[in-house]
Amino acid sequence: MDFQVVVVGGGPVGVMVASELALAGVKACVLEKRKEITPYSRALTLHPRSLELLDMRGLKEKLENRGGPIPTGHFASLDTRLDFSVLDSASNYTLFIPQNETEEVLEEWAKSLGVDIRREVEVVSVRQHAEGVEVTGVGPEGEFTLQAAYVVGADGAGSTVRKQTGIPFTGTGDTLTAMLGDVVLTELEKPTVLSRYSEQGGTMIVPMNSGLHRVIVVDPERTSVPKSEPVTLEELGASLKKILGTDLGISNPRWLSRFGNATRQAERYREGRIFLAGDAAHIHLPAGGQGLNVGLQEAVNLGWKLAAALKGWAPEWLLDSYHQERMPVNTALLRNTRAQAVLMASDFSQSMGDLRSLLSELLQIPEANRLLAGQISAFNIRYESDPLALAHPLNGSRLRDLKLRTEDGALHQAYEFFHSGSFVLLHFAGDPTIQGADWSRYPHIKPVFASLAEDAADWADVHTALVRPDGYVAWALSRSESEPVESVRQGIARWCGEAGIL
Ligand SMILES: Cc1cc2nc3c(=O)[nH]c(=O)nc-3n(C[C@H](O)[C@H](O)[C@H](O)COP(=O)(O)OP(=O)(O)OC[C@H]3O[C@@H](n4cnc5c(N)ncnc54)[C@H](O)[C@@H]3O)c2cc1C
């Protein structure tokens with residue numbers, strides 16, 4: 001076996017999966033066909049739940065040093081923006097950061113963890129057999145073959161891994177396209193956010209770094225142009241002029257591109273020893289800025305599960321839970337992007353304008369904002385409760401960054417305990433059996449003996465909670481349960497393997 005896991009594709013998702021594996025002590029490599037990170041940035045946004053996960057790995061500050069926070073997100077570019085500030089989190093905003101900068105931070109982290117990233121290597125074939133997977137690629141020194149126990153296909157929309165594995169990519173192709181330009185707008189004196197929809201078409205303009213603005217244009221006369229046809233500055237400028245009455249002095253394009261609304265999802269995210277993640281598993285109109293975000297969340301869902309299988313303590317159901325948990329999340333994602341495509345790009349009539357302004361008014365209702373902000377931020381994700389756990393309202397929910405006081409009196413944020421990518425056992429009841437156990441026999445669990453240092457009604461009755469490495473509560477145990485130590489023992493054995501320490 002050359003590697004325990006070969007990750008095909010060194011985009012943000014592949015690099016994140018490989019880093020999660022390396023954190024857990026798994027020997028992983030990334031095979032990437034590009035020589036370097038592409039300087040053109042598709043994504044510009046990191047959303048609240050992604051920021052929380054990156055915070056759990058100690059990366060949020062590094063990213064924030066390169067990007068800028070804005071308190072909102074958007075749905076279908078409606079005039080009423082989504083107010084993320086109502087979310088119960090210190091990361092209740094969008095971090096505006098070009099994708100290439102996010103990728104640089106992730107790659108630096110991966111390398112610091114010892115991930116072997118091999119560039120200029122194109123994977124051409126993937127075959128699985130009973131003991132592992134054979135990956136064939138072509139690199140600067142010609143063809144080579146690697147053996148791995150598992151393969152993750154994070155090789156983007158056209159995924160070779162997905163095709164080689166024969167997993168159908170079900171959905172619809174492009175029925176419309178839109179244009180994008182990262183350009184200088186000389187008529188704008190300062191960084192400006194602007195959105196305009198009318199019968200002439202729609203545009204969204206947001207500031208980027210280095211004095212550029214990203215201009216996105218949906219021009220009803222250009223939506224049937226195929227994605228493969230290059231965008232020219234003249235074309236983009238003419239459409240902008242039609243919609244805004246001025247082309248804003250458009251010049252100096254750094255990147256011009258056309259993108260479409262193809263919407264597809266892999267029918268299975270797992271086929272034996274092969275897994276799909278990120279754009280390899282789902283594509284959609286990039287509306288609301290979600291693709292990179294969900295891909296990172298998938299990477300963090302998958303990494304610890306594969307590590308558990310390789311370390312030998314994974315419960316039988318764990319690897320399948322990756323598909324079971326992420327497929328519904330992305331089915332909902334495709335639903336919201338299809339709805340946004342209709343609102344943003346299918347119809348520019350007066351009636352559609354009326355519908356957009358009506359929805360915009362509805363979004364001013366706090367509950368409506370909460371619903372859509374929950375979807376776009378990924379705060380509405382809750383995984384199925386552990387069916388064998390004692391019932392508790394926190395089971396399956398996202399852990400927020402609770403303020404805790406540990407036994408030595410020190411104050412901590414809960415996310416600090418997730419930097420090493422292990423499970424975190426939050427124990428609040430001071431039970432001597434639990435506190436005195438030999439936790440070193442469970443290297444994949446970090447025990448934290450603490451009390452709440454904030455008013456957190458939903459956590460007030462918790463005796464002990466096991467939180468997964470991706471920050472979701474595996475189970476929480478109420479102080480009113482009659483045999484708490486036995487319940488903790490069983491709960492740990494169900495998720496992390498039996499070690500006989502309790
Ligand atoms: C215009 C536009 C704007 C967007 N804006 C946002 C946004 O604001 N927010 C957001 O969250 N998302 C956004 N997205 C989506 C986001 O860019 C993608 O979802 C994200 O890049 C997916 O990451 P990935 O790692 O899965 O795939 P990719 O980034 O596509 O990476 C896949 C990698 O695999 C490599 N590869 C492919 N085949 C092989 C092979 N056979 N062998 C070796 N390597 C291979 C590729 O070279 C590539 O580097 C946007 C997308 C577009 C098009």
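The following dialogue considers how to read several features of this predicted model.

Q: Into which domains is the protein divided?
A: A domain may be assembled from separate stretches of sequence, as the ranges here show: domain 1 comprises 1–40 + 98–175 + 265–314, and domain 2 comprises 45–96 + 348–381. Domain 3 spans 177–260, and domain 4 spans 403–496.

Q: How many residues of domain 1 are in contact with domain 2, and what distance separates the centres of the two domains?
A: In domain 1, 18 residues are in contact with 17 residues of domain 2. The centres of these two domains, taken over C-alpha atoms, are separated by 27 Å.

Q: Which residues does the UniProt annotation "domain: FAD-binding" cover?
A: The annotation comes from an unreviewed UniProt entry and covers residues 3–337. In the model, this span is 30% helix and 32% strand, and its end C-alpha atoms lie 37 Å apart.

Q: How should one read the surroundings of a single residue such as L310, and which residues are in contact with L310?
A: One begins with the secondary structure: L310 lies in helix 7, residues 291–311. Neighbours within four places in sequence are then left aside, after which the contacts of L310 are Q4, V5, V26, A149 and Y150. Y150 and L310 are 160 residues apart in sequence, yet their C-alpha atoms are 9.1 Å apart in space.

Q: Why does L310 count as partly exposed?
A: L310 has a relative accessibility of 23%, and therefore counts as partly exposed; the buried class lies under 20%.

Q: What is notable about phi in A76 and A378?
A: Most residues other than glycine have a negative phi. A76, however, has a positive phi near 55 degrees, and A378 has a positive phi of about 70 degrees. A76 is found in the loop between strand 5 (72–73) and strand 6 (82–83), whereas A378 is found in the loop between helix 10 and strand 22 (403–406).

Q: Are A76 and A378 buried or exposed?
A: A76 counts as buried because its relative accessibility is 0%. A378 is buried as well, with a relative accessible area of 6%.

Q: How many residues of helix 2 are buried?
A: In a helix, residues three or four places apart point the same way, so burial can be read along its faces. Helix 2, residues 48–56, is mostly covered, with eight of its nine residues buried. The buried set includes the charged residues R49 and E52, together with P48, S50, L51, L53, L54 and M56. G58 follows helix 2 and has a positive phi near 75 degrees.

Q: Which residues lie nearest the centre of the second largest pocket?
A: A pocket may be described by its volume and its lining. The second largest pocket holds about 610 Å³ of space. Its lining has 31 residues, and those nearest its centre are Q324, E325, R382, Y383 and E384.

Q: Which helix supplies the largest share of that lining, and what is the lining's make-up by class?
A: Helix 8 supplies the largest share of the second largest pocket's lining, with nine residues. Helix 7, helix 8 (318–345), helix 10 (366–377) and helix 12 (484–496) each supply at least two residues. By class, this lining has 13 nonpolar, eleven polar and seven charged residues.

Q: What is the volume of the largest cavity, and which residues line it?
A: The whole structure has six cavities of 30 Å³ or more. The largest cavity has a volume of about 40 Å³. Its lining consists of Y442, R489, I492, E498, A499, G500, I501 and L502. These comprise five nonpolar, one polar and two charged residues.

Terms used:
Residues are numbered from 1 along each chain as its sequence is written. This is a predicted model: local features need pLDDT of at least 70, side-chain atom pairs count only at pLDDT 80 or more; totals for chains, interfaces and linings use all residues. Side-chain values use heavy atoms; hydrogens and water are left out. Helices (H or I, at least four residues) and strands (E, at least two) are DSSP runs, numbered from the N terminus. Buried means under 20% relative accessible area, exposed over 50%, partly exposed in between (1.4 Å probe, protein chains only). Contact means heavy atoms within 4.5 Å. UniProt positions are given in the numbering used here, feature names are shortened, and annotations may be inferred rather than shown by experiment. On a 1 Å grid over the protein atoms alone, a cavity is a set of points where a 1.4 Å probe fits but cannot get out, and a pocket is an open set with protein on both sides within 12 Å along at least five of seven lines; lining residues have an atom within 4 Å of a point. Grid points are joined across faces, edges and corners, and a volume is the space filled by probe spheres set on the points. Domain bounds come from an automatic or database domain assignment.
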